[in-house]
Amino acid sequence: MAEKVIMPQLGLTMKEGKLVHWIKKVGDEVKKDEPIAEIESDKATFELEAPVGGTLIKIVAQEGSIVPITDTIAYIGEPGEELQDNIIKESVEIESSKIEQKNIDKEDTDCDVLVIGGGPGGYVAAIHASQLGAKTKLIEKDKLGGTCLNRGCIPTKALLHTTEIIKKFKNAESYGIKNVEFKVDYAVIQKRKNDVVKQLRNGVQYLLKKNNVEVIKGVASFKDKNTVLVKENDTERTITSEKVIIATGSEAVKINIPGGNNSIITSNEALELEEIPAEIVIVGGGAIGVEFATIFSNMGSKVSLVEMLPQLLPGMDSEIALILENELKQNGIDIYTNAKLTEIKEGKPQNIAVVNQQNKNIEIKTEKILLAVGRKPYLAGLNLGKANVNYDNKGIKVDEQLKTNVDNIYAIGDVIGGILLAHLASAQGIKAVENALGKNSYQNTDIVPACIYTNPEVAGVGLTEEEAKKQGLNYKVSKFPLKSSGKALAIGNNSGLVKILSDKKYGEILGVHIIAPRATDLIAEACLAMRMEGTVEEIATTIHAHPTLAECVAEAAHIACGTPIHAG
Ligand code: FAD
């Protein structure tokens, strides 16, 4: 009668072992105590010796499978002996169920949470996962901080801050400061921007280390739903994880324009220019387009901004977008809405951008053409098919919990499409991790402020007036112009508006839209109020410090309550 070979228990804590390799194969003669297989526990690798002498007549546990202690892994019997039917049936079942367990068993994996991508979505998710007690690893193919820190939010804001200072210098006389002479040294401006980025990148590295997140350099691609291959130059490494969070971000959309594309750049190259271009045509009047228009026009470039739709900042409140358009025009930027770049005539020394606006061709001389026409999810090399993750050209498909169609894989940030903003990616990172680790997350990802760091700044949250109208809501609009604000006047920056949309009956705040200096900071009050389902009365009856720009929000709320104080 055939003798069972079982997974042994070597040590008190061992609950299961991995069958790494069969030294003997079926049909081989084995002596008692002769090594027949290589087994791995959570602590060590060892050779399993045959409990009896005979012939290895059946292997039950395949190489790579995880087997609980005392489960059968093989049979040794007489040469030519056949296993009884009931034993064959039992052993086949054991074999398949153990292999399946390899993918889902927590004890089997290298980590509990594996994050792919070290941008504001990925690194925040990894830190939070570790804080919640999960063994966490993060794979990044390039630089920690992702698009936001290295090629997006931070470098643009460093440059925009410089332009604010330039603007102040230009207006110095109006503040009584005479004979101000200044020269823009673009090399120093670039160095400062790079230093800011570097310092923050080191900060992210420090935070990950402090929170015990192991950072692995390389390109990640799925082998199956729990296994990811990491390639870095010629080295490869396989990592298994119970849960995986995909946070691979997005990349700039590039379109081919007839006539030549040598002068075309994206935001990536625009941030690295060594010299300020004499002229630049920016295609796309969204957040990225208007921010670069502000940067280059203040640095001295002649800027032309081309937008296909009737308004700049598509999706933002159109009244606010129109005020920004006028501000940019006053700053010397040529704006073409309802217009399209149709051709580039490349030439030396200058190129000509042909812009079609309402069936009329306009030729614009330009050194560079910056495409800011949108971004698309970055999925290159991920091998999502190996893990059966559903996606389309808008991004990876997720449910409300940010879970993909595969039960252990989540996706967050730009790679899932929708609103592409760093703070949303981070909030989704927290939510996905909490859901993945079995908590029902309270993280709010519905109220998302949109901020544009032009001069003045623009910020909005909640419904725009166009959306409230379209939804047929019974809403009220209240507006407070900055020209009535003491603080705005004192700082010499009083063009702008705070606009609140509120429910006519209950006063609940539906949306807040601001164009003002530091609008991007002012919007936080509106976000909190909306998060708490607050009313205009609650904002109006909150004491705001004087003199501050924040008072403008309170003043707009007073107007909504029918009790205007400083509004004319
Ligand atoms: P990312 O930041 O793109 O990070 C993804 C990371 O994944 C990258 O580091 C990438 O190298 C890595 N990766 C990709 N594939 C793999 C792989 N297979 N293996 C390993 N690693 C991989 N948003 C704002 O909120 N405010 C702003 O002011 C703002 N300004 C912007 C200005 C510009 C010019 C641009 C381009 C964007 C701006 N954004 C801004 C948008 C913001 O940068 C993104 O929304 C944000 O970075 C998305 O974060 P993420 O973590 O989803 O992806």
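How many of the 15 residues of α9 are buried? I looked this up in a predicted model. I count 13, and I note α9 as mostly covered.

**Entry 1: helix α9**

I checked the length of α9 next. The helix has 15 residues and runs 21 Å from first C-alpha to last. That is close to the 21 Å expected at 1.5 Å a residue. Just past the helix I found G438, with a positive phi of about 90°.

I then picked one residue, S426, which sits in α9. Is S426 buried or exposed? Its relative accessibility is 17%, and buried means under 20%, so S426 counts as buried. I listed its contacts, leaving out residues up to four places away in sequence. S426 touches P120, G121 and V124.

**Entry 2: the ligand**

I turned to the ligand and its shell. Which of the 40 residues around the ligand come nearest? I noted E140, T147, K157, D414 and A422.

I went through contacts to ligand oxygen atoms. A polar side-chain atom of D414 is 2.9 Å from one ligand oxygen. A backbone N or O atom of A422 lies 2.8 Å from an oxygen atom of the ligand. For L420, a backbone N or O atom is found at 3.4 Å from a ligand oxygen. On its own the ligand has 990 Å² of accessible area, and the protein covers 96% of that.

I asked where the shell comes from. Elements that each supply at least two shell residues are α2 (120-131), β10 (136-140), α3 (146-151), α4 (153-170), β12 (219-224) and α9 (422-436). The largest share, 4 residues, belongs to α3. I sorted the shell by class and got 16 nonpolar, 16 polar and 8 charged residues.

**Entry 3: helix α12**

I repeated the length check on α12, residues 519-531. Its 13 residues should span 18 Å at 1.5 Å a residue. The end C-alpha atoms are 18 Å apart, so the two values agree.

Which residues of α12 are buried? My list reads A519, T520, L522, I523, A526, C527, A529 and M530. I thought about the spacing in that list. An α-helix has 3.6 residues a turn, so residues three or four places apart point the same way.

What do the buried residues of α12 pack against? I found three strands, β28 (450-452), β29 (457-462) and β32 (509-516), along with helix α13 (536-540). Last, I looked beyond the end of the helix. E533 follows α12 and has a positive phi, near 55°.

Methods:
Residues numbered from 1 in each chain as written. Predicted model: local features only at pLDDT ≥ 70, side-chain atom pairs only at ≥ 80, totals over all residues. Heavy atoms only, no water. Near = heavy atom within 4 Å. Polar contact = N/O pair within 3.5 Å; in protein donor to acceptor, adjacent residues only side chain to side chain. Areas by Shrake-Rupley, 256 points an atom, 1.4 Å probe, with all protein chains shown as cover. Nonpolar A, V, L, I, M, F, W, Y, C, P; charged D, E, K, R; others polar. Expected span 1.5 Å × (residues − 1). Buried < 20%, exposed > 50% of the residue type's maximum accessible area, 1.4 Å probe, protein only. Contact = heavy atoms within 4.5 Å.
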